[in-house]
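I opened this notebook to keep a record of what I looked up, one topic at a time. The entries follow the order in which I went through them.

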Amino acid sequence: MSYRRTYPFTPEPLPYEMDALEPYISKKALSIHHDRLLAGYVDNLNNLLAEHPELQQMTLEELIRISYRLPPKTGVPLSRYAGGVYNHMLYFNGMAPESSGTQPQGELAQAIDTYFGSADKFRSKFFNSAMAVFGSGYTWLTSCKNGLRILNLPNQENPLAAGLFPVMCIDVWEHAYFLTYYNKRNEYIGDWWRLINWDYIGQHYRHFVSRSNRNK
């Protein structure tokens, strides 16, 4: 994910082919999710920013953080659209074909062991949290100066607004899995774990650690 990208935004291409995540996420489900739903958030975000030139030089992170300080007429849709773009990009980039492995590595693995006890305990807690999302939203692994934390947020809300860094997320809106799994969210979450791109997620986490160290 590009941290310096500003208006006008474009949907980033997937880092894999549309059928690369089969049989766990079907080509049809992924293409609708990426090419239509993400694209819709990008279009809505660009249309909103076209009316607010004072916001056009801000990155997605900056837009999400500032959205809650703006008047609701601007801040609420900005939060939804900027969050929708950021959340989807992290979700898509955080996956890879099954061969990429299913265990965290390096600094992230050490942090997970420290704050959750083990990778297995982390996986169990993350799974249970994702199952508990009521309606539409995401389950997040986040980081801050106090360590790692799992939390659920509704719709397209993003942890950045609460001062937390989003390390990884699973999209549990029904459109993310219904075409492949129907109402079986538990199977979707279990199979999604096979697809986590721990190399990317670990790099994303190191970006937070590096930035935090520079700001000390």
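**Entry 1: Helix H4 and what follows it**

I began at the end of a helix, where H4 is followed by Gly 117, a residue whose phi is positive, near 100 degrees. The model I am reading is a predicted one, and I keep that in mind for every value below.

Going back into H4, which spans residues 106–116, I found Leu 108, Ala 109, Ala 111, Ile 112 and Phe 116 buried. Viewed down the axis of H4, these buried residues fall within an arc of 165 degrees, so they line one face of the helix. On the other side of H4 I noted Gln 110 and Thr 114, which are exposed. I add a general reminder here: an α-helix has 3.6 residues a turn, so residues three or four places apart point the same way.

**Entry 2: Confidence**

I then looked up how far the predictor trusts its own model, and found a mean pLDDT of 94 for the protein, with 95% of its residues at 70 or more. Confidence is lowest in helix H8 (residues 198–214), where the mean is 84, and highest in helix H1 (residues 27–50), where it is 98.

**Entry 3: Helix H2**

How many of the eight residues of helix H2 are buried? I counted six, so I describe this helix, residues 60–67, as mostly covered. The buried ones are Leu 60, Glu 61, Leu 63, Ile 64, Ile 66 and Ser 67.

Since Glu 61 is on that list, I checked its partners, and its side chain meets that of Arg 65 in a salt bridge, at 3.4 Å from N to O. Both residues lie in H2, four residues apart, about one turn of the helix. Glu 61 counts as buried because its relative accessibility is 6%, whereas Arg 65, at 36%, counts as partly exposed.

**Entry 4: The other salt bridges**

The count of salt bridges comes to three, and I went through the remaining ones in turn. Glu 12 and Arg 5 meet through their side chains at 3.5 Å, N to O; Glu 12 counts as buried at 14% relative accessibility, while Arg 5 counts as partly exposed at 31%. Arg 194 and Asp 191 form a salt bridge at 3.3 Å, N to O; here Asp 191 is buried, with a relative accessible area of 18%, and Arg 194 is partly exposed at 33%. For Asp 191 I wrote down the cut-off as well, because buried means under 20% relative accessible area.

**Entry 5: Core and aromatic rings**

The largest nonpolar core has 68 residues, and those with the most contacts inside it are Tyr 91, Phe 122, Leu 141 and Tyr 188. As a general point, nonpolar side chains in soluble globular proteins tend to be buried together.

I followed Tyr 91 outward and, not counting residues up to four places away in sequence, found that it touches Ile 25, His 33, Cys 169, Ile 170, Asp 171, Ala 176, Tyr 188 and Trp 192.

A search of the whole structure gave twelve aromatic pairs. One of them joins Trp 193 and Trp 198, edge-to-face, at 6.0 Å centre to centre and with 65 degrees between the planes. Trp 193 is buried, with a relative accessible area of 5%, and Trp 198 is buried too, at 3%. Ring pairs also link Phe 116, Phe 122, Phe 126, Trp 192, Trp 193 and Trp 198 into a cluster.

**Entry 6: Ser 143 and Val 133**

Is Ser 143, a residue of strand S1 (residues 137–144), buried or exposed? At 3% relative accessibility, Ser 143 counts as buried. Leaving aside neighbours within four places in sequence, Ser 143 is in contact with Leu 148, Leu 164, Phe 165, Val 167, Tyr 205 and Phe 208.

My last lookup was Val 133, which sits in the loop between helix H5 (119–131) and S1. Val 133 is buried, with a relative accessible area of 9%. With neighbours within four places in sequence set aside, its contacts are Tyr 138, Thr 139, Asn 152, Val 172 and Arg 185. I also noted the separation between the C-alpha atoms of Val 133 and Leu 148, which is 19 Å for residues 15 apart along the chain.

Terms used
Residues are numbered from 1 along each chain as its sequence is written. This is a predicted model: local features need pLDDT of at least 70, side-chain atom pairs count only at pLDDT 80 or more; totals for chains, interfaces and linings use all residues. Side-chain values use heavy atoms; hydrogens and water are left out. Buried means under 20% relative accessible area, exposed over 50%, partly exposed in between (1.4 Å probe, protein chains only). Contact means heavy atoms within 4.5 Å. Helices (H or I, at least four residues) and strands (E, at least two) are DSSP runs, numbered from the N terminus. A nonpolar core is a set of buried Ala, Val, Leu, Ile, Met, Phe, Trp, Tyr and Cys residues joined through side-chain atoms within 4.5 Å. Rings of Phe, Tyr and Trp (its six-membered ring) pair if their centres lie within 6.5 Å; planes under 30 degrees apart count as stacked, over 60 as edge-to-face and the rest as tilted. The arc is that of the directions from the helix axis to the C-beta atoms. A salt bridge is a side-chain nitrogen of Lys or Arg within 4 Å of a carboxyl oxygen of Asp or Glu. pLDDT is the predictor's confidence in each residue, from 0 to 100.
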